[in-house]
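User: Hi! I'm new to this one and would like a quick tour. Could you pull it up for us?
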Amino acid sequence: MNLERLDLSGNNITNLAALSSLRLLFVLNLSANRISNLEPLHNCENLQNLNLAGNNISSIESFHCLKSLRKLENIRLKDNTYNYTNPVCRNTPYRTIILEMFPTIKVLDGERVVGRGSDLYQLCKDIDDTIKAGLYKNGQLIEHPDCKPWVEDTYWEIKRSNNAIIDEAYKQFNDVLHECRLLNNRATHVISQTERSMSLKKQPKQYAI
């Protein structure tokens, strides 16, 4: 009854009725389950951090029952690091609707939307769009043979702490780094394939009789 943090990720859960009495809960991870009904969570009045990525939530209306959670600051419906999502995320303006529905939200899908750091997220998104737009010229991938890593591999390593808030931030930061490494691997693979394809085109054709 006095639980404050609970991780139930990856348990094929469909029914949340057993959680309705946990009024002191403030961090709840329900990712990678089969949840579609959030009604039992409306009693968790102290809930601040809710991870629902990788479930079966199909409509925005499913969140109306949580509007009474005045302390809710962090909701995650999609997690690109683990390819977790919800059917509702296919609805393009879902982020705007969620932010209007929950004015106290500071972090949505791992991105800070208000307060300190929100400008950085927007800046990174703008930079990402600019980079994507500049990767190709006349339909061809632009080669950058002199590109090198910005910092050494050990630069971003962080020492663990006993503080729960710092531990949560550490986990989220590591998730972001993991996603960056995945994107880097994909980019390296695409560049390699493109270079191989271009080298094959330059080779003279050979015929055997």
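User: Thanks! How much area does the protein chain expose, and what share of it do carbon and sulfur atoms supply?
Analyst: Happy to help. Keep in mind that this is a predicted model. The exposed area of the protein chain comes to about 14,800 Å², and carbon and sulfur atoms supply 52% of that.
User: And what percentage of the residues count as buried?
Analyst: The protein chain has 209 residues, and 27% of them count as buried.
User: How many helices and strands are there?
Analyst: You'll find three helices and eight strands in the protein chain. Along the sequence they run β-β-β-β-α-β-β-α-β-β-α.
User: Let's go inside. Which residues touch the most other members of the largest nonpolar core?
Analyst: Those are Leu38, Leu41 and Phe63, in a core of 32 residues. Helix H1, spanning residues 94-101, gives the most to this core, with three residues.
User: What does Leu41 touch, leaving out residues up to four places away in sequence?
Analyst: A set of leucines: Leu16, Leu19, Leu28, Leu30, Leu50, Leu66 and Leu69.
User: Why might nonpolar side chains be buried together?
Analyst: I can only offer a general tendency: in soluble globular proteins, nonpolar side chains tend to be buried together.
User: New topic: how many disulfides does a search of the whole structure find?
Analyst: Zero.
User: What about Cys89, buried or exposed?
Analyst: Cys89 has 12% relative accessibility, so Cys89 counts as buried, the cut-off being under 20%.
User: And why does Cys180 count as partly exposed?
Analyst: Because its relative accessibility is 43%, and partly exposed lies between under 20% for buried and over 50% for exposed.

Methods: Residues numbered from 1 in each chain as written. Predicted model: local features only at pLDDT ≥ 70, side-chain atom pairs only at ≥ 80, totals over all residues. Heavy atoms only, no water. Helix = DSSP H or I, 4+ residues; strand = E, 2+ residues; numbered from the N terminus. Buried < 20%, exposed > 50% of the residue type's maximum accessible area, 1.4 Å probe, protein only. Areas by Shrake-Rupley, 256 points an atom, 1.4 Å probe, with all protein chains shown as cover. Core = buried A, V, L, I, M, F, W, Y, C linked by side-chain atoms within 4.5 Å. Contact = heavy atoms within 4.5 Å. Disulfide = S-S within 2.5 Å.
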